[in-house]
Amino acid sequence: MLRIALQKSGRLSEASLKLIKECGISFTNGTGKLKTIADNFPAEFLFLRDDDIPRYVADGVADIGIVGENVVVEDRSEVVITKALGFSKCRLSIAIPRSEMYEGIESLQGKHIATSYPNILRDFLNKNGIDATIHEISGSVEIAPSIGLADAVCDIVSTGSTLMSNGLKEVEVIFRSQAVLIQTPVLNEEKQAILQKLLFRIEAVQNARNNKYILLNAPKEAIPAIIDILPGMKSPTVLPLAMEGWYSLHSVIQEDQFWEIIEQLKAAGAEGILVVPIEKMIY
Ligand code: ATP
Ligand code: ZN
């Protein structure tokens with residue numbers, strides 16, 4: 001059985017559970033408990049504070065875990081980052097009071113910076129030859145300048161609204177983060193096999209999220225031009241319609257190419273275009 005550590009409650013929990021569910025793994029016991037066993041997959045889930053996850057995985061108490069890359073890098077635990085998961089995206093940034101002048105990194109020379117990420121910040125400052133004092137605090141970092149504790153902060157930002165409401169402006173992005181799947185350095189063969197099974201499912205879910213299934217109708221003469229536009233997994237399916245000379249084409253398109261492709265298809269003579277989500281996609 002593979003032991004999987006997830007955040008108990010916070011910004012990673014919902015998306016982590018959604019991913020597990022989309023991988024077809026379910027458990028009847030809620031997430032209120034410390035641990036629960038999956039009904040239909042050889043896995044046991046541990047629900048923890050996110051900060052504890054890298055250490056549990058490094059120590060082998062959990063075999064794998066889902067956590068923010070920021071926490072993994074800050075923590076310096078001996079874990080392997082197996083896969084980026086694409087959710088809980090945020091950045092670690094330095095911010096200063098809005099009224100202060102900023103003329104590049106040199107402006108941080110000699111300043112006092114409050115943060116919960118001393119290791120990542122120290123690396124950044126050293127790399128840029130900045131001599132500043134780091135004040136490690138565990139929460140509410142953004143209020144440090146207004147209470148006179150620091151000149152600047154280094155904190156997690158997603159939209160910037162928290163900084164804004166505290167009279168701060170973002171001046172340097174020092175790290176970009178997203179949720180990652182981490183694993184313990186040594187997994188036995190049996191657990192490795194279960195992990196491979198899980199990774200295969202995660203990839204199918206991720207591929208499906210990035211792709212859409214497209215169906216459209218077109219007259220026979222438009223088909224070659226439409227086939228050129230549609231990338232597809234191999235080549236599009238072409239089926240005759242009841243109406244003489246008309247065909248239905250089916251294919252897969254990428255989410256980010258979506259609007260451009262739709263316009264080209266219409267121009268090439270496609271009609272009745274349907275675009276539907278894909279649940280799983282295996283190459
Ligand atoms: P815990 O109670 O488990 O210790 P926490 O309060 O330390 O939780 P959360 O705020 O739930 O942590 O954030 C967990 C992770 O989500 C962060 O480490 C970061 O990777 C990511 N994250 C933080 N803030 C945001 C945000 N505003 N938008 C998206 N992702 C974020
Ligand atoms: Zn935490």
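**Entry 1: a five-stranded sheet**

I began with an open sheet of five strands, ordered 8-7-9-6-10, with mixed pairing. The model I am reading is a predicted one. I looked for the edges next. They are strand 8 (133-136) and strand 10, and each of these pairs on one side only. I also looked up the turn between neighbouring strands. With direction ignored, it averages 25° in this sheet.

Then I picked one pair of strands. Strand 6 and strand 9 run antiparallel, and five bridges join them. I followed Ala95 across to its partner. Val153 in strand 9 stands opposite Ala95.

**Entry 2: a six-stranded sheet**

I moved to another open sheet. Six strands form it, in the order 2-3-1-4-11-5, and the pairing is mixed. Its edge strands are strand 2 (35-37) and strand 5 (80-84), each pairing on one side only. From one strand to the next, the twist averages 25°.

Which helix packs on this sheet and touches strand 1, strand 3 and strand 4? I found helix 1 (residues 13-22) there. Its direction makes about 145° with that of strand 1 (2-7). I noted helix 6 (residues 189-210) as well. Helix 6 lies across strand 1, strand 4, strand 5 and strand 11 (179-183). It runs at about 25° to strand 5.

I checked the pairing at one edge. Strand 2 pairs with strand 3 (residues 43-48) over three bridges, in the antiparallel sense. Lys35 has Leu46 in strand 3 as its bridge partner.

**Entry 3: the cores**

I looked up the largest nonpolar core, which has 29 residues. Which of them touch the most other members? I wrote down Ile94, Ile174 and Ile182. Several elements supply at least two residues each, among them strand 6 (90-97), strand 9 (152-157), strand 10 (168-177) and helix 3 (69-75). Helix 4 gives the most, with four residues.

Why does this core lie between domain 1 and domain 2? Domain 1 (2-89 + 178-208) and domain 2 (90-176) both give residues to the core, so its place is between them. I added a general note: in soluble globular proteins, nonpolar side chains tend to be buried together.

I took a closer look at Ile94. Leaving aside neighbours within four places in sequence, Ile94 is in contact with residues including Leu108, Leu121, Phe124, Val153 and Ile174. A second core is separate and has 27 residues. Ile4, Leu6, Phe47 and Leu181 are included in that second core.

**Entry 4: two single residues**

I chose Ala84, which is found in strand 5. Its relative accessible area is 40%. Ala84 counts as partly exposed because that value lies between 20% and 50%. What does Ala84 touch, not counting residues up to four places away in sequence? My list reads Gln178, Ala179, Val180 and Gln206. Ala84 and Ala179 are 95 residues apart along the chain, yet their C-alpha atoms are separated by 6.4 Å.

I ended with Ser77, in the loop between helix 3 and strand 5. Is Ser77 buried or exposed? Its relative accessible area is 19%. Buried means under 20%, so Ser77 is buried. Leaving aside its neighbours within four places in sequence, I found Ser77 in contact with Pro54, Arg55, Ala58 and Val72.

Definitions and conventions
Residues are numbered from 1 along each chain as its sequence is written. Chains are lettered from A and ligands numbered from 1 in the order in which they are written. This is a predicted model: local features need pLDDT of at least 70, side-chain atom pairs count only at pLDDT 80 or more; totals for chains, interfaces and linings use all residues. Side-chain values use heavy atoms; hydrogens and water are left out. Two strands pair if DSSP finds at least two bridges between them. Axes are lines fitted to C-alpha atoms, for helices over the stretch in contact, and angles run from 0 to 180 degrees between N-to-C directions. Contact means heavy atoms within 4.5 Å. A nonpolar core is a set of buried Ala, Val, Leu, Ile, Met, Phe, Trp, Tyr and Cys residues joined through side-chain atoms within 4.5 Å. Buried means under 20% relative accessible area, exposed over 50%, partly exposed in between (1.4 Å probe, protein chains only). Domain bounds come from an automatic or database domain assignment.
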